[in-house]
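Please take a moment to look over the sequence and turn the model before reading on. The paragraphs below move from the ligand to the parts of the chain around it and beyond.

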Amino acid sequence: MPIPELSEPSIQPLLQTSWLGRSYIFLPEVGSTNDYLREQKLLPHGTVIATDYQSAGRGRLDRRWEAPPATALLFSILLRPDWPAERAIWLTMIAGVAVAAAVEEVATITVGLKWPNDLVVDIDGEWHKVCGVLLDTSIDANGRLETTVLGVGLNVNIPAESLPQTSFPATSLLAATGWPVSRPPLLAACLRQVEQQYDAAERGRSPWALWNERLMMLGQPVAISRPGEEAPLLGIAEATEEDGALLVLDANGRLHRVVAGDVSLRLR
Ligand code: ADP
């Protein structure tokens, strides 16, 4: 029987990192890679777990994340940054920027970011979601990050007819480009990019500028539904601040600072 594509013996020779993924776990199936790492308290910083199938994959707000077996890159990274809790957003930014760069290395496609944490690609003028990022954090009594788990669900070789039916249209690299992508080198590229961005952040460099540069909705009319607010906020997505907040200008000229919500683009 061939060894699974994402198993440790096939991934280790491809790794170009110094610390990320050197502790590596592959499970053919798991409930959720984020939950698995959250429960394993003793694993070292930089541990990566990958799976071929999640039976209880999660998005934000406990929404479901779905992908057919062995067609996606589903992995999570355990990180223990000695950072203040406000800096957790850096991890989401790092994942977005790093995975976007890794995808652009291996597939002929341009990747944008949909605020705050989705990777999107343009297909015939319409944005489609190709990857989601999910950050789980725990914070200690001093307001510093303790354990953080960064989860990535990237639709790689999901055939067009098997894509989940979602309100924001989903796609995969295969469906968007017409070409399958080998998952092991893509995973290795993701880990190399994440390590590079994380090391830069450890030296004090914010990932904000690289993240902000990729946000595709800046300057566009948007509708934002916010937790606890019934009516969506309509306006132009003007800019972001370094803490990740989105600034939206409404029709009355009022500027709103949005820290959480679901953004969709509106037609002009
Ligand atoms: P968002 O950040 O856009 O709110 P989440 O991170 O919450 O998205 O992810 C969950 C949502 O993503 C689900 O509600 C579903 O609509 C959508 N979704 C689930 N699986 C996939 C997938 N494989 N590809 C794209 N979108 C998906």
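How far is an oxygen atom of the ligand from an N or O atom in the side chain of Asn-117? In this predicted model, the distance between those two atoms is 3.2 Å. Asp-262 offers a similar view, for an N or O atom in its side chain is 3.2 Å from an oxygen atom of the ligand, while a polar side-chain atom of Lys-129 lies 2.7 Å from a ligand oxygen atom. Taken alone, the ligand would expose 570 Å², and the protein buries 89% of that area. The ligand sits in the largest pocket, where 15 residues surround it, and the closest of these are Arg-60, Arg-63, Glu-66, Asp-118 and Lys-129.

Two of those closest residues, Asp-118 and Lys-129, can be followed a little further. Their side chains make a polar contact with each other, at 3.4 Å. Asp-118 lies in strand β5, and Asp-118 counts as buried because its relative accessible area is 6%, which falls under the 20% cut-off for that word.

If you step back along the chain from β5, you come to the loop between β4 (111-114) and β5 (118-123), and this loop is the place of Pro-116. The peptide bond that joins Trp-115 and Pro-116 is cis, with an omega of about -5°.

On the other side of β5, the loop between this strand and β6 (126-139) holds Asp-124. Asp-124 is not a glycine, and yet its phi is positive, at about 50°. Asp-124 counts as exposed because its relative accessibility is 80%, and the word exposed is kept for values over 50%. Ala-70, which belongs to the loop between β2 (48-51) and β3 (72-79), also has a positive phi in a residue other than glycine, here near 60°. With a relative accessible area of 37%, Ala-70 is therefore described as partly exposed.

Now turn to the region that begins with β1. Pro-28 is found in the loop between β1 (24-27) and α2, and its relative accessibility of 56% is the reason why it counts as exposed. Although Pro-28 and Tyr-53 are 25 residues apart in sequence, their C-alpha atoms are 6.5 Å apart in space. Helix α2 itself (residues 33-39) contains Asn-34, which counts as buried because its relative accessibility is 3%. The side chain of Asn-34 is joined to the side chain of Asp-136 by a polar contact of 2.8 Å.

Helix α5 lets you check a piece of geometry for yourself. This helix runs over residues 183-202, 20 residues in total, so at 1.5 Å a residue it should span 28 Å, and the distance between its end C-alpha atoms is 28 Å, in agreement with that expectation. As you follow a helix of this kind, keep in mind that an α-helix has 3.6 residues a turn, so residues three or four places apart point the same way. Of the 20 residues in α5, 15 are buried, and the helix is thus mostly covered. After α5 comes Gly-204, whose phi is positive and near 100°.

Note on methods
Residues numbered from 1 in each chain as written. Predicted model: local features only at pLDDT ≥ 70, side-chain atom pairs only at ≥ 80, totals over all residues. Heavy atoms only, no water. Helix = DSSP H or I, 4+ residues; strand = E, 2+ residues; numbered from the N terminus. Expected span 1.5 Å × (residues − 1). Buried < 20%, exposed > 50% of the residue type's maximum accessible area, 1.4 Å probe, protein only. Near = heavy atom within 4 Å. Polar contact = N/O pair within 3.5 Å; in protein donor to acceptor, adjacent residues only side chain to side chain. Areas by Shrake-Rupley, 256 points an atom, 1.4 Å probe, with all protein chains shown as cover. 1 Å grid on protein atoms, 1.4 Å probe; cavity = no way out; pocket = protein on both sides within 12 Å on 5 of 7 lines; lining within 4 Å. Sits in = over half its atoms within 2 Å of the grid points.
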